[in-house]
Amino acid sequence: MAGVTLDRITKVYSGDQRAVSDLSLDIADGEFLVLVGPSGCGKTTALRMIAGLEDITGGELKIGDRVVNHVPSRDRDIAMVFQSYALYPHLSVYDNIAFGLKLRKAPKDEIDRRVRTAAKSLDLIDFLERKPRALSGGQRQRVAMGRAIVRQPAAFLMDEPLSNLDAKLRVQTRAEIARLQRELATTTIYVTHDQVEALTMGDRVAVMKKGELQQVAPPQELYDRPVNLFVGGFIGSPSMNMFEATLRKEADGSLRADLGGQSLTLDPELVAARTGLGAYIGKPLILGIRPEEIEDAAIDPAAPADRRLRGVLKLREALGSEIMAHLEIEATPGRTDDSAELEADLGLSALGSDDTRVATLVARFSPRSKVELGQTVEMRVDTRNLHFFDPTNGLGIYERPPADHPPAQPAATQAAGDDSVSQPEGANS
Amino acid sequence: MTQVARNDGAPGGAQPDGLRAEARRRRLTTAAFLAPAAFFLIIWLVYPTVATVWRSLFDRSGDEFVWLSNYKAIFTTDTLVKALQNNVLWVAVVPALVTAIGLVLAVLTERIRWQVAFRLALFMPMAISLFAAGVIWRIMDEKDPSQGTLNASIGAVRDALGGSGSVLPNAVPSTEGLTGSLQTGFYVKAPVQAGGQALIGLTGIAPTALPASAKQAAAPAAAPGTITGVVWRDFKPGGGTPGQVEPEELGVPGATVELRKSGSTAAIQTAKTDDAGAFTFKDVGSGDFTVGASKDSFGPPYAGVSWLGSKLINPAVMIAYIWVWAGFAMVIIAAGLAAISREVLEAARTDGATEWQVFRRVTAPMLAPVLSVVFITMLINVLKVFDIVLSVAPASSQDDANVIALAMWRTSFGGVNDFGLGSAIAVLLLVLVLPALALNVRRFKREQ
């Protein structure tokens, strides 16, 4: 077992296509790191470079203390689980799992013992003599896992191993993989485009966009302190609502954010924590509100009046445990290159009209809410948990930067500095 | 359809008349569709098969019913037994080789630049009729290196490697002072004593026949107790004096030189000439000696391999046949190769397999169904092999290259005109092909 270190790893395909740029990651021994990002962000390419299935154009890759840039895949002591499982169709489950051990000429009884142990922990004992084509999707997935764990490698590499399973099985297998990884304490690098998998499984999550690392952090930090607009919009489902807003200082010293026709008073606690906000008073910024911070005001009548928004309910999705409310509110949507990219990844275009004075807001209402379509809804917003981003570079606004370091760069995170925000007029015309 | 017919014919079926009429109409439609195909199948397939089996039980003229004696003849006539043996050889060697070579070609051309060009070139022989391909190979197989490409190539390679036997094939002595021939070697007529010199001048040597290392010929200085001399190309462009070593005349390197007692034919000493053609025999003692370039230095021109002779005719025909079909096998196997998931091969690599192990333990087993298609197809083709044998093997070798289909043709039409025996051979061939056919049909059914 060993850690994995990526030092400015770069992949350039012929024709100057940069799939991965200067990716640096330090994955500790036994850590579960998830690489997440929209399709085409380079996460699978990065994983394949670690596996040795793809040449590394630049940078240095270490497994343990060994630089393995030019070590063939077979000698890297890693095991990979593929999206398609890539089982050997001509071999039985037993031989599939034993394949790597047989190549290493392990003694027969040793192979048998380890295969059976792995099969037992994966509940495959009854299927050892079957061929892969006689197995269900979930069983195939477990065989692929068995093939990886039986070799006791330095690291597991998993490339979207759950994406071919149906939803229920996915949840079950997700927990199973997390349990196995904790038991074996083997360094694991897990690629997925599914943020739920990323947040639930990873010790740390690395978010990538267009080949560049955006932020590496534990799941909760990623959710609470997204380093930029992209991470803010990518993490969380449904995504964060983003509006153009202007900060205004009230006579009593409190801060208000103007969103077109409406405004929200910021919680003093939040203002105290985000010292960086001081520099933006009177200036435009991008305000992010997570759907879970918005509630039907009728449910919580005690909520202060200066922390409310009004909107017209356009779509109501009742999920039983909650209601997803899509509303049109009077505000300017915070459109950026990043949000356009996120929308494209989700396969949506912004709901509602192209009118820049009208923005769509998604809220998570309590199932007891009685809101109806077409109704104007009064919502209370928990202003303790708002997010702010600089409209020029997309970076999140948190503590005031030390005077000699101008732009904010939260610790343990890395941000791409070139995320510029296009003018909403331009984005919508 | 059969379901309908059975219900219709069931006794006591209380079906309304309308349904019965409907069923009859459907049967008529079926028959109308089947009739043309059935008609031609009967004329072209069933009738000839039955007639051939029937004819095989009659004698040459077709007048006398001879039971199975034609079949007995197949196994007792020498040329026919040879044909059977050759067919066994073909079946044992060719399908396996075609499949193996096709596999190698498919793998080698899998991920390369100009893939289409390479595959096209390898597949091209399929565009030629087998008979024409046979004619091409027959010309290439000619024994005389000046006609047959194969032997010319072999000769060129032998020459390039300085192979034995083909050195200085046309050399002649430049003066009357030498005697002998290419077969005996060339010797100096006059006896030589210790301290003497032997000049062995040769002409009739093409400039290209000498190795590039050859230098200006020079005889070593005479010394007491030794016999020295030089073997050289005694030809100076623009004229010169025969028998004298002159400028621009090259030594013959590597010639074997013998020292004999006069009157004896046994060599006392042998030596090799250096790049200047010089040689030295030391401590020769007293008496008269004969010195000369031995016959080892010369050789007849390369005669060529007798591809079309009785010994090599079978390999020669098989090579031509494999050349044609390997491209076909390659294309089919390449299609199977393309269908293998790349991820499975990558999984094997990360599992620790070397490229050879990936091929042996993953690629090849996954290709097994495709390989067996190619193998069985080739098996059937090889059992029926005919035209390429006829076109590659000259009439004189056809008895040695005989195969069942060729034997059938030669017996029936090729001068013997024994239609009884010919039919019997045809029936035997049919019986031999049937198991392979059955195998193929069963496989197709299983795939469905």
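What span should the 18 residues of helix H5 (residues 167–184) of chain A cover at 1.5 Å a residue? In this predicted model, local features require pLDDT of at least 70 and side-chain atom pairs count only at pLDDT 80 or more, whereas totals for chains, interfaces and linings use all residues. Residues are numbered from 1 along each chain as its sequence is written, and chains are lettered from A in the order in which they are written.

The expected span of H5(A) is 26 Å, which agrees with the 26 Å separating its end C-alpha atoms; this expectation is 1.5 Å times one less than the number of residues. Helices are DSSP runs of H or I with at least four residues, and strands are runs of E with at least two, numbered from the N terminus. Just after H5(A), Ala185(A) adopts a positive phi of about 50°.

The axes of helices H2 (residues 93–103) and H4 (residues 137–149) of chain A come within 7 Å and cross at roughly 30°. Axes are lines fitted to C-alpha atoms over the stretch in contact, with angles from 0 to 180 degrees between N-to-C directions. H2(A) and H4(A) are therefore roughly parallel (angles under 35 degrees). Their contact (C-beta atoms, placed from the backbone, within 7 Å) involves Val93(A), Asn96(A), Ile97(A), Phe99(A) and Gly100(A) of H2(A), and Val143(A), Gly146(A) and Arg147(A) of H4(A).

Between chains, 17 residues of chain A are in contact with 15 residues of chain B. Strand E6 (78–81) and H2 of chain A are the elements that each give two or more residues to the side of chain A touching chain B.

Note on methods:
Parallel < 35°, antiparallel > 145°, perpendicular 65-115°, else oblique. Contact = placed C-beta atoms within 7 Å.
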